[in-house]
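Please look over the model below before reading on. The notes are meant for someone who has not seen it before.

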Amino acid sequence: MSVAAAACAPSPPPLSWAYQIRVAAAQGHFRDAVSLFLRMRASAAPRSSVPASLPAALKSCAALGLRALGASLHGLAIRSGAFADRFTANALLNFYCKLPDTYLHPSGVISVDGTGSPTALESVRKVFDEMPERDVVSWNTLVLGCAEEGRHQEVLGLVRKMWRDGFRPDPFTLSSVLPIFAECADIKRGMEAHGFAIRNGIDSDVFVGSSLIYMYANCTRTDYSVKVFDSLPVRDPILWNSMLAGCAQNGSVVEALRIFRRMLQAGVRPVPVTFSSLIPVCGNLASLRFGKQLHAYVIQSGFEDNAFISSSLIDMYCKCGEISISRRVFDRMPSPDTVSWTAMIMGYALHGPAREALVLFESMESGNVKPNHITFLAVLTACSHAGMVDKGRKYFNSMSDQYGIVPTLEHCAAFADILGRVGELDEAYNFISKMQIKPTASVWSTLLRACRVHKNTSLAEDVAKKIMELEPRSIGSHVVLSNVYSVSGRWTEAARLRKSMRNKGMKKDPACSWIEVKSKLHVFVAHDRSHPWYDRIIDALNVFSEQMAHQGYVPNTEDVFQDIEEEQKRYVLCGHSEKLAIVFGILSTPPGTTVRVMKNLRVCIDCHTVTKFISKLAEREIVVRDANRFHHFKDGNCSCGDFW
């Protein structure tokens, strides 16, 4: 029934007013329910109709956002005595939870405006405290209100009081409490709640199950999440996607894809959130094969036009080294949003064509798509990787001048990195020293790395001192300063610093590289003989070394920070992890296949030179993703232009 029809229809008999209002609200016809209620109040309907219809009227006001009417119904409930009915009181609790800026005041309805007015939760609590009779629904509504406002300790106290007052927590209670344990990563209390659910036979409830899966995943116990998931008798799409998201956020890509395949076999249709959970995992692990499989599923499911999924695909292909596919996905989007533009700009910034990133940014501006703080981080990264100081300064200033975006620590670090990379160390130092935000150790670390590259030992010592004051156990700063001493030939200071690290129990992360071949991940560390192909790799590397020597290659031992003979330094270089991974990739894949290698640290100068030679000799494109960026080696050249 429409509102107009309800207004023109003859008045129903007195006993049917409340019934019609309740039916309209139950079927989601909230406007009709409100219209009928107002007509009832204007008619000669008996007073007994009010208590019976108030819960449905309040529910409709909450659904339609009718704050003033809902608050007036609160007054009516008190005046008519209907507030004594727990269904009416529960409806009031729900109303104040749904409309958090409304409360009842003797002078009328007042909206919270930051001037000291009571909060929504205080209104809920006031109604709750004045209720003559409560039930589990009443307690759950208050628990949910506290949980949504982040009052976690209060929530736990309420649940304990609820239990003491004789009300047993139900599935709704647990699904409100478990996310708190998830957020705090409190697995002990989470497991206690799980035990309570099992003892009371509510562990098979879909909402409790979903909350348990989320809680265990947030506590990095995906194995427990899987056990909960497998124990549930019925799994709806919410549960499948909760399980997928849990595996994804913990980097369990193989398990996530296994769950995805089971989901398809069970006949559960993927939804956009399914792919938005899985695709980023493939990007973070640089698993191109799995990423392409998911892209195929996206097309089959008809979600190609979903902007969020397209943005995830762009980011995934960029992280997997396929910048050209990223651009094709981007170009197919009818109306790219800020996230999509930013993902594409960052992709170009990390892969080498920095000028293409800036052209894209200018197209974004001319297309009236407003950049955000992450967009500017991408633009500054592009300027940094191309050594464009003037452009970087221009964009850094335009953030606040043109767009009103206040630079964050990340933006300041990026601009300091721009200055440091081109050798403007003093300007970078002054810039960081005068920052309006207090610089962190990570900001100073960008300058420390630049000092190492440009061999400025005295400034490196000053910067390292600042870092160690902020983070005394910063392994990175100790390592970089030690390397600065080594490059400068100050072996005594380098040795003393390394000894200090050992005494403090500080260990640097070992350099490692990995490559995926035929769905199997192969990990290499320097001079690691454990790989079954190690001897074949070294033999092939020696062949490449002879061929490179004929073409003028001379080993660059600059990045060997050990006081040893030159010949020993050359031996150290031969065993670097990325060289082992690259040669293994060439040996184990067909001719012409692109070799894709990931490394946890920055590529050293010698490895960079060697990879250029190998790309030409083996007639292969070699893509290396290090800690800073991507390097695309082809025909003896690198996309970074030897500036990284």
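The numbered points below go from the whole chain to repeats, helix pairs and single residues.

1. The model is predicted. Its protein chain has 644 residues, of which 48% are buried. The secondary structure comes to 33 helices and eight strands. Measured out along the principal axes, the C-alpha trace spans about 105 × 55 × 55 Å.

2. The contacts in the chain can be sorted by separation in sequence. Taking contacts with a separation of 6 or more, 63% of them are accounted for by residues 24 or more positions apart.

3. UniProt, in an unreviewed entry, lists "repeat: PPR" for residues 135-169, 236-270 and 337-371. Over residues 236-270 the model shows 74% helix and 0% strand, and the C-alpha atoms at the two ends of that stretch are 11 Å apart. Residues 337-371 come to 77% helix and 0% strand, with end C-alpha atoms 10 Å apart.

4. Which way do helices α16 and α18 run relative to each other? Helix α16 covers residues 272-284 and helix α18 residues 307-319. Their axes come within 8 Å and cross at roughly 10 degrees, so α16 is roughly parallel to α18, the angle being under 35 degrees. On the α16 side the contact is made by Pro272, Phe275, Ser276, Ile279, Cys282, Gly283 and Asn284. On the α18 side it is made by Phe308, Ile309, Ser312, Leu313, Met316 and Lys319. The crossing of α16 and α18 is left-handed.

5. A second helix pair is α3 (residues 30-42) and α5 (residues 67-80). The axes of α3 and α5 come within 13 Å and cross at roughly 45 degrees, which means that α3 is oblique to α5. The residues making the contact are Val34, Phe37, Leu38 and Arg41 of α3, together with Leu69, Leu73 and Leu76 of α5. The crossing of α3 and α5 is left-handed.

6. Ser138 is a residue of helix α8, which covers residues 136-148. Is Ser138 buried or exposed? With a relative accessible area of 0%, Ser138 is buried, because the cut-off for buried is under 20%. The side chain of Ser138 is joined to that of Asp135 by a polar contact of 2.8 Å. Setting aside neighbours within four places in sequence, Ser138 is in contact with Asn90, Leu93, Phe128 and Met131.

7. His295 belongs to helix α17, residues 288-301. The relative accessibility of His295 is 10%, so His295 counts as buried. Which residues does His295 contact, leaving aside its neighbours within four places in sequence? They are Glu304, Leu313, Tyr317 and Val329. Of these, Leu313 is also listed among the α18 residues that make the contact with α16.

8. Lys370 sits in the loop between α21 (354-366) and α22 (373-386). Its relative accessibility is 55%, so Lys370 counts as exposed, the cut-off for exposed being over 50%. Not counting residues up to four places away in sequence, Lys370 touches Thr338, Met364 and Tyr403. How far apart in space are Lys370 and Lys634? Their C-alpha atoms are 36 Å apart, with the two positions 264 residues apart in sequence.

9. Thr220 has a phi near 60 degrees, which is a positive value in a residue other than glycine. Where does Thr220 lie? Its place is in the loop between α12 (206-218) and α13 (222-231). Thr220 is exposed, with a relative accessible area of 56%.

10. Glu619 likewise has a positive phi in a residue other than glycine, with a value near 55 degrees. Glu619 is found in the loop between α33 (605-617) and β6 (622-625). The relative accessible area of Glu619 is 67%, so Glu619 is exposed.

Definitions and conventions: Residues numbered from 1 in each chain as written. Predicted model: local features only at pLDDT ≥ 70, side-chain atom pairs only at ≥ 80, totals over all residues. Heavy atoms only, no water. Helix = DSSP H or I, 4+ residues; strand = E, 2+ residues; numbered from the N terminus. Buried < 20%, exposed > 50% of the residue type's maximum accessible area, 1.4 Å probe, protein only. Polar contact = N/O pair within 3.5 Å; in protein donor to acceptor, adjacent residues only side chain to side chain. Contact = heavy atoms within 4.5 Å. UniProt positions renumbered as here; feature names shortened; annotations may be inferred. Axes fitted to C-alpha atoms, helices over the stretch in contact; angles between N-to-C directions. Parallel < 35°, antiparallel > 145°, perpendicular 65-115°, else oblique. Left-handed = near helix turned anticlockwise from the far one by under 90°.
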